[in-house]
Amino acid sequence: MSFRLLTKAWRQRTQSKNHTAFSHILLRSFSHKSERFSRPSFGIAFDIDGVILLGNTPVGGSPAALRKLYDTQGRMKIPYVFLTNGGGIPEAKRASQLSQLLGLSVSPSQVLQGHSPFRQLVDRFEHELVVAVGKGEPASVMSEYGFKNVISIDEYASRFENIDPLAPYKKWTTKLAAPQNPKFDKNGLRIDVFSERVQAAFVVSDPVDWSRDIQVLCDILKTGGLPGRNVGMQPQLYFANDDLEYQTKFPSERLGMGAFRIALESIFNRTHSHSLEYTSFGKPHPSVFKNAATVLQQHVPQVYEDFNDINHKNTQHFQTLYMVGDNPAVDIRGARQTGHPWFSILTRTGVFKGKENHDKFPADLVVDTVEEAVDYILAKESA
Ligand SMILES: [Mg+2]
């Protein structure tokens with residue numbers, strides 16, 4: 001089937017909402033081609049929040065869409081990864097959660113989270129005291145990456161009496177996880193937060209208690225890592241992403257890590273003589289997309305072996321990599337900035353809800369759901 005015919009069928013399908021004609025052409029084309037399908041020259045990166053899930057609920061036909069990327073024996077035939085700015089739990093745990101929610105077998109190497117690039121900083125901070133901030137299990141994420149002297153901001157703040165003057169008014173209680181660092185005993189007494197300077201703070205996932213976290217981070221960052229002491233050199237500060245907003249089950253967008261960064265930065269800069277210095281990771285940085293391409297590449301040999309085509313191992317170059325996302329400023333902008341071979345597909349199940357394409361960061365294709373996106377990709381690739 002020619003690309004023109006495919007696009008025509010696609011237009012008819014989206015305009016008339018009559019799936020029959022398109023599905024017929026698509027199925028005929030793909031099933032015919034897939035018999036002699038040997039090695040895919042394409043891969044797919046899916047955003048999670050607003051594309052695959054809303055909260056913990058699958059959205060846009062995502063389980064069915066992803067099943068199309070496996071063969072009848074349940075082996076992956078199309079390389080794909082999840083490329084999310086979210087996080088807060090180790091990749092292995094996220095993979096098993098996704099497997100359960102979607103009814104598929106997702107491997108940890110297919111999960112690229114906002115904080116995954118923090119691994120690259122292990123050499124620099126392996127034995128230094130670092131503070132991990134955010135919901136979930138930020139310290140255990142960092143421990144798994146190899147940071148040996150990491151403490152969560154919950155544990156850290158709990159060592160300082162009166163550091164949070166609002167604490168008595170907070171009705172919730174912060175349940176401290178068991179210490180994950182061998183340097184801590186049950187009471188956490190083996191590390192002296194009053195003499196050991198924090199060398200870096202990592203915002204791993206969305207902070208929970210903004211007022212305390214902004215207060216304690218300002219203390220750490222202004223004093224060179226010893227709250228309550230004199231002004232000192234600012235320790236390093238890293239954010240897993242800079243998303244202003246993201247989509248959950250609530251009808252309108254929620255404030256994300258980028259909003260927290262703006263709040264922290266504004267307050268720090270108003271109360272300190274030097275401007276805040278920090279580094280943000282996550283989409284839309286092209287490095288994230290380049291890394292995703294490398295990881296997708298690593299999933300190709302398995303596909304080759306499945307098709308007894310091992311002679312082509314490691315010689316694969318993707319002709320097209322698809323980014324399927326819901327956030328124009330993050331997913332689409334990132335794919336566009338990175339350029340070839342990325343092709344961006346915008347869904348309407350999350351942050352973006354427009355009728356036409358986005359004005360500022362237009363995608364290569366706009367669809368309603370992730371299932372439509374996968375149908376389009378498979379039809380185009382088998383055309
Ligand atoms: Mg999203």
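Which strands does α10 lie across, and at about what angle does α10 run to β4? The legends below address this and other close-up views of a predicted model.

**Figure 1. Helix α10 against the six-stranded sheet.** Helix α10 (286-298) lies across β1 (42-46), β4, β5, β13 and β14, and runs at about 150° to β4. The open sheet has the strand order β5-β4-β1-β13-β14-β15, and its pairing is parallel. β5 (111-112) and β15 (365-366) are the edge strands; each has a single partner, so one side of each lacks a neighbour in the sheet. At the β5 edge, strand β4 (residues 80-83) is joined to β5 by two bridges, and the two strands run parallel. Within this pair, L83 has L112 of β5 as its bridge partner.

**Figure 2. The enclosed helix α12.** Helix α12 spans residues 328-338, and eight of its eleven residues are buried, so the rest of the structure largely encloses this helix. The buried positions are P328, V330, D331, I332, G334, A335, R336 and T338. Among the elements that cover them are α10 (286-298), β13 (320-325) and β14 (342-346). Helix α12 lies across β13 and β14, running at about 160° to β14. In an α-helix, residues three or four places apart point the same way, because there are 3.6 residues a turn.

**Figure 3. Backbone geometry after α12 and before α10.** Just after α12, G339 adopts a positive phi of about 75°. The peptide bond from H340 to P341 is cis, with omega near 5°, and P341 is placed in the loop between α12 and β14. A second view shows the bond from K283 to P284, which is also cis, with omega near 10°. P284 belongs to the loop between β12 (279-280) and α10. As background, most peptide bonds are trans.

**Figure 4. N162, a non-glycine residue with positive phi.** The phi of N162 is positive, about 65°, although this residue is not a glycine. Most residues other than glycine have a negative phi. N162 is situated in the loop between α7 (153-158) and β8 (200-203). Is N162 buried or exposed? With 8 other C-beta atoms within 10 Å, N162 is exposed, because the limit for that class is 12 or fewer.

**Figure 5. The five-stranded parallel sheet.** The strands of this open sheet follow the order β7-β6-β8-β9-β12, and the pairing is parallel. β7 (150-152) and β12 occupy the edges; each has a single partner strand, so one side of each is left without a neighbour in the sheet. Strand β6 (residues 130-133) pairs with β8 in the parallel sense over four bridges. The residue of β8 that serves as bridge partner to V131 is A201.

**Figure 6. The nonpolar cores.** The largest nonpolar core contains 48 residues, of which A45, F46, Y322, V324 and I345 touch the most other members. Helix α13 (residues 370-382) supplies the largest share of this core, seven residues. A second core of 39 residues is separate and includes A139, V193, L217 and F268. A close-up of A45 shows the residues it touches, leaving out those up to four places away in sequence: V81, L83, A292, L321, Y322 and M323. L83 thus appears both here and in the bridge to L112 of β5.

**Figure 7. Surroundings of T248.** T248 is part of the loop between β10 (245-246) and β11 (254-255). This residue counts as partly exposed, because 15 C-beta neighbours lie inside 10 Å. Which residues are in contact with T248, leaving aside neighbours within four places in sequence? They are L54, G55 and R254. T248 and G350 are 102 residues apart in sequence, and their C-alpha atoms are 7.9 Å apart in space.

**Figure 8. Overview of the protein chain.** The secondary structure comprises 13 helices and 15 strands. Of the 383 residues of the chain, 43% count as buried. Among contacts with a separation of 6 or more, 66% are between residues 24 or more positions apart.

How values were computed
Residues numbered from 1 in each chain as written. Predicted model: local features only at pLDDT ≥ 70, side-chain atom pairs only at ≥ 80, totals over all residues. Buried ≥ 20, exposed ≤ 12 C-beta atoms within 10 Å, placed from the backbone. Contact = placed C-beta atoms within 7 Å. Pairing = 2+ DSSP bridges. Core = buried A, V, L, I, M, F, W, Y, C linked by C-beta atoms within 7 Å. Axes fitted to C-alpha atoms, helices over the stretch in contact; angles between N-to-C directions.
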